[in-house]
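User: Please take a close look at one part of this model, the nonpolar core. Set it in the context of the whole chain.

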Amino acid sequence: MELYLDTKETDLLMRLLDRSLEEIQREINHTDHAAFKAGLKVDQNLMYGILAKIKAPAAMGI
């Protein structure tokens with residue numbers, strides 16, 4: 001899948017991901033349920049991956 005975003009859309013998506021990563025980290029820290037925590041960590045890793053993909057072209061000025 002290819003997705004083309006303009007600068008404003010990219011900035012918004014990065015801010016949303018950053019905010020979600022902060023929230024998910026708090027949730028990971030506060031939950032004691034191992035399976036739920038494991039699922040949150042999977043989601044967290046996926047979000048980090050998406051954020052890295054978005055930031056790579058932005059860092060190159062693309």
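Analyst: The core comes first, then its surroundings, then the chain as a whole. This is a predicted model, in which local features need pLDDT of at least 70, side-chain atom pairs count only at pLDDT 80 or more, and totals for chains, interfaces and linings use all residues. Residues are numbered from 1 along each chain as its sequence is written, and side-chain values use heavy atoms, with hydrogens and water left out.

The secondary structure consists of 2 helices and 0 strands. Helices here are DSSP runs (H or I, at least four residues), strands are E runs of at least two, and both are numbered from the N terminus.

The largest nonpolar core has 9 residues: Met14, Leu17, Leu21, Ile24, Ile28, Leu40, Met47, Leu51 and Ile54. H1 and helix H2 (34-59) each supply at least two residues of this core. H1 gives the largest share, 5 residues. A nonpolar core is a set of buried Ala, Val, Leu, Ile, Met, Phe, Trp, Tyr and Cys residues joined through side-chain atoms within 4.5 Å. Buried means under 20% relative accessible area, exposed over 50%, and partly exposed in between (1.4 Å probe, protein chains only). In soluble globular proteins, nonpolar side chains tend to be buried together.

Take Leu21 of the core. Leaving out residues up to four places away in sequence, Leu21 touches Gln44, Met47, Tyr48 and Leu51. Contact means heavy atoms within 4.5 Å.

Thr10 lies in helix H1. Thr10 is buried, at 15% relative accessible area. Beyond its neighbours within four places in sequence, Thr10 contacts Leu5 and Ile54. Ile54 is one of the core residues.

Now the other extreme. Met1 sits in the segment before helix H1 (7-30). Met1 is exposed, with a relative accessible area of 95%. With Leu3 and Leu5, Met1 makes a nonpolar surface patch of about 400 Å². Patch residues have over 30% relative accessible area and no salt bridge; like charges are joined within 9 Å, nonpolar side chains (Val, Leu, Ile, Met, Phe, Trp, Tyr) within 5 Å. A salt bridge is a side-chain nitrogen of Lys or Arg within 4 Å of a carboxyl oxygen of Asp or Glu.

Finally, the whole chain. Buried residues are 19% of its 62 residues. Of contacts between residues at least 6 apart in sequence, 50% join residues at least 24 apart. The C-alpha trace spans about 40 × 20 × 15 Å along its principal axes.

Key
Accessible areas come from the Shrake-Rupley method with a 1.4 Å probe; for residues, only the protein chains shown count as cover.
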